[in-house]
Amino acid sequence: MHGILIIAPNWIGDAVMTQPLLASLKAQYPDSNIDVLASTWVAPIYRACSEVHEVIEAKFEHKQLQWGLRKELAKKLAIKKYQACFVLPNSFKSALIPWLANIPFRVGYRGEFRFGLINVALNNPSKINRPPMVDHYLQLSQLLNGGQASLTTSNLTPKLNVSAAANHSVKAKLQSVQIDEAHIYAICPGAEYGPTKRWPTSHFAQLAESLITGNPNNQVVLLGSKGDHPLAQEIHTLAKQDPHIHNWCGNTSLDEAIALLDMSKAVISNDSGLMHIAAALKTPQIAIFGSSDPAHTPPLSDKAKVIWLNLACSPCHKRECPLGHLKCLNDILPAQVFATLNTLQS
C-alpha cells in the first residue's frame, strides 16, 4: 500500500477515537505513509498521533459545501497518488475530495447519498444499538484485507503524545504566572453540545474551592475554548476570585491544552473532547455525564472514573433538558466528585 489518506471527523472527541484505527492500519501496512486531512480545529489531535506522517490542514466550515476549496484540495492530493482513503465523517461533502482526487479505494460507512463516492463500504449501525465509537471506526480497518484486522483490547484504547514544542510553550506560560506544574488540576467546564452535558458552574466552583482548601499548593486551571470563557469566569466569580484559580479558556492552542492535560495531577470534565484527550494521555480523571451515554462514548482509560446517575430519563441525548429540571447533572454533588477524586489518587 503506497499511501493512505484519512478524512478526519469534525469533532475533537471523535478525532481522538479514530487513533486506534490509525494504529491498526499502521500495523497492517507498516511501510505506508498515513496522512490526515483535517480541519484546523482537530488537526492538533493528529499531530499528537505517532502513526501520522503528515497532517494536511484545511479551513473547513461547518455545514458549508466549499466546492472551490474541495476541488483545489483534490487537485493537490491527486499528485500524491494515494491508494486508499478512509472517509470517517458520514457526510456527502466529506466523500467528494477522495473521489475528485481519483483515489482507487474510498472506504467508509454508507450514508447521505454517497453511492459511488464511497466504493468500499459498511452499513451504518442502527441508532438504537450503537457500538462504542472507537469500535465503529476500527471496523473500517478490516475492509481492505478481507477482515483480518485484529480487534484486541489494546487497539481499542486511544493513545496521544505531547509535542515537545507544546510542552515547552505551556511550561513558559506557567512560569510567567508562577504556577507550579507539580500541583495543577485541570477543570474543563464546557461541552460543545449544550447545557445538558455541562455540570453546573456553581458545582465546579465548590469543587475548585475544595481542591484548594485540601492543599493550598494546588492550582486550578480552567481549560476550554473561547466559547467556554464566560462559564469559566462564572466559576472564578463564584469561587470568590480565588487567586489559585486561573481562567485559561480560549487562551491556549489545542496543542498546548494537550500538553497541560498531560502534566495535570487530575482532570475533571464533562463528556467533551477534552475528556477524551485526557483519557488518551492516561491522566487521572473524573468524567461527569448527564444527557449522554457513557456506554457509547466513555473515556477509555483505566485512570478514568465516570460519574453518571443513570436516571430513568437518561440518556436523552437532548441539548436542553426536556423535563426542565436537569437532575442528571444538578444531583451530582461536588462532595461526591471530590470524594471520588480522592479515591482515584489514593
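The following exchange goes through salt bridges and an aromatic pair in a predicted model.

Biologist: How many salt bridges does the count come to?

Modeller: The model is predicted, and a pair is accepted when a side-chain nitrogen of Lys or Arg lies within 4 Å of a carboxyl oxygen of Asp or Glu. By this rule the number of salt bridges is eight.

Biologist: How many residues apart in sequence are the parts that the pair of K80 and E54 ties together?

Modeller: K80 and E54 form a salt bridge in which the closest N and O atoms are 3.0 Å apart. K80 sits in the loop between α4 (67–78) and β4 (84–87), whereas E54 belongs to strand β3 (residues 52–58), so the parts tied together by this pair are separated in sequence by 26 residues.

Biologist: Is K80 buried, partly exposed or exposed?

Modeller: The relative accessibility of K80 is 34%, and values under 20% would count as buried while those over 50% would count as exposed. Because its value falls in between, K80 is classed as partly exposed.

Biologist: In which helix do E72 and K76 both lie?

Modeller: E72 forms a salt bridge with K76, with 3.6 Å between the closest N and O atoms. The two residues are four apart, which is about one turn of the helix, and the helix that holds both E72 and K76 is α4.

Biologist: Is K76 buried, partly exposed or exposed?

Modeller: Its partner E72 has a relative accessible area of 45% and is partly exposed. For K76 the relative accessible area is 51%, and since the cut-off for the upper class is over 50%, K76 is exposed.

Biologist: Which residue meets E181 in a salt bridge?

Modeller: The N to O distance in this salt bridge is 3.7 Å. E181 lies in the loop between α7 (164–176) and β7 (184–188), and its partner, ten residues apart from E181, is in helix α7. The partner is partly exposed, with a relative accessible area of 34%, and its name is K171.

Biologist: Which residues are linked with R47 in a network of salt bridges?

Modeller: Here the salt bridges form a network in which R47 takes part. The residues linked with R47 are E57 and D255.

Biologist: Is the pair of W199 and F204 stacked, tilted or edge-to-face?

Modeller: A search of the whole structure finds one aromatic pair. The ring centres of W199 and F204 are 4.9 Å apart and the planes stand at 85 degrees; W199 is buried at 2% relative accessibility, and F204 is buried at 0%. Because planes over 60 degrees apart take this class, the pair is edge-to-face.

Conventions. Residues are numbered from 1 along each chain as its sequence is written. This is a predicted model: local features need pLDDT of at least 70, side-chain atom pairs count only at pLDDT 80 or more; totals for chains, interfaces and linings use all residues. Side-chain values use heavy atoms; hydrogens and water are left out. Buried means under 20% relative accessible area, exposed over 50%, partly exposed in between (1.4 Å probe, protein chains only). Rings of Phe, Tyr and Trp (its six-membered ring) pair if their centres lie within 6.5 Å; planes under 30 degrees apart count as stacked, over 60 as edge-to-face and the rest as tilted.
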